[in-house]
Amino acid sequence: MQRTFRNLQDSVAIHVAGPVSNMSTDLKTQVKYAVNSALSFLTNRIRFQQLKTDITITLFNGQNVYELPDRVSHVVKNTAYYVPTGRAIGDVMEQEWNLHGQNARNDNGAPEAFSDFDYNPVTNKLRIKVYPTPGSSEDGKAIKMYAYKSPAAMSDDDDIPPLPEQLHEILVHGAIILGFSNFIDQQSLLVHSQAWQQGIRQASRFKDPMMGRRRPLKQSPHQGRRFGALSNVDFDTLRS
């Protein structure tokens with residue numbers, strides 16, 4: 001059953017302190033935060049099809065480090081390609097490129113691979129390193145890939161969680177566990193904890209399958225392969 005942000009807030013509030021309309025402003029804010037925390041926990045743990053998108057990165061002469069768009073959390077393996085030629089770009093560790101590419105990483109040319117992702121704490125964005133470094137011939141050209149984006153926090157009452165409808169109710173249990181475990185009795189806490197953990201297991205059945213696994217660069221499946229154009233498409237532990 002599809003639930004709106006307001007529906008979820010009401011459901012959490014009933015278990016914690018009665019209808020939302022009777023709650024203080026501070027408690028309303030805490031309920032909103034708890035629901036969004038449950039959504040963030042679930043989407044960070046499981047990659048959903050609803051959160052997958054294709055992204056474009058414009059290349060610049062002499063630059064090999066690029067930030068990914070806001071809220072991108074993971075790149076789908078084996079989907080990156082160089083737009084002008086359609087040639088696939090391998091996903092490798094920097095050490096692999098240094099070992100098998102020798103000094104090629106210092107040369108300029110069309111991208112053949114990109115490294116694991118680094119996090120920029122200043123801009124709060126992920127970034128990748130492209131090999132070899134693009135030169136003047138690649139300036140202004142682009143690479144594309146699939147990626148998962150973390151959902152923006154819900155704010156309007158009519159916002160819909162970017163999850164399959166079957167999982168919307170799970171957010172209620174998650175919000176209670178992550179935000180209000182000290183507000184309810186132990187028996188109710190146990191019930192919601194079990195429902196939340198069961199919900200996470202249920203949600204894993206809706207995950208988007210990862211595309212491919214890493215292989216050493218010298219065995220890369222990407223060499224000479226072409227992809228067609230892509231279609232459009234904190235809480236560390238549970239309380240128990």
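1. A definition to start: helix axes that meet at 65 to 115 degrees count as roughly perpendicular. Please keep in mind as you read that this is a predicted model.

2. With that cut-off in hand, have a look at the pair formed by helix α1 (residues 5-16) and helix α2 (residues 25-45). Their axes come within 10 Å and cross at roughly 110 degrees, so α1 and α2 are roughly perpendicular to each other. The crossing of α1 past α2 is right-handed.

3. Which residues of α1 meet α2? On the α1 side they are Phe5, Leu8, Gln9 and Val12, and their partners in α2 are Val31, Lys32, Val35 and Asn36. Sorted by class, this contact of α1 with α2 holds 5 nonpolar, 2 polar and 1 charged residues.

4. Now for the backbone, where two residues that are not glycines have a positive phi. For Arg71, phi is about 70 degrees. You will find Arg71 in the loop between β2 (65-67) and β3 (72-75). Is Arg71 buried, partly exposed or exposed? With a relative accessible area of 42%, Arg71 is partly exposed.

5. Asn124 has a positive phi of about 60 degrees. Its place is the loop between β8 (118-120) and β9.

6. One more spot to check on your screen is the peptide bond that joins Tyr131 and Pro132: this bond is cis, with omega at about -15 degrees. Pro132 belongs to the loop between β9 (125-131) and β10 (142-149).

Definitions and conventions: Residues numbered from 1 in each chain as written. Predicted model: local features only at pLDDT ≥ 70, side-chain atom pairs only at ≥ 80, totals over all residues. Heavy atoms only, no water. Axes fitted to C-alpha atoms, helices over the stretch in contact; angles between N-to-C directions. Helix = DSSP H or I, 4+ residues; strand = E, 2+ residues; numbered from the N terminus. Parallel < 35°, antiparallel > 145°, perpendicular 65-115°, else oblique. Left-handed = near helix turned anticlockwise from the far one by under 90°. Contact = heavy atoms within 4.5 Å. Nonpolar A, V, L, I, M, F, W, Y, C, P; charged D, E, K, R; others polar. Buried < 20%, exposed > 50% of the residue type's maximum accessible area, 1.4 Å probe, protein only.
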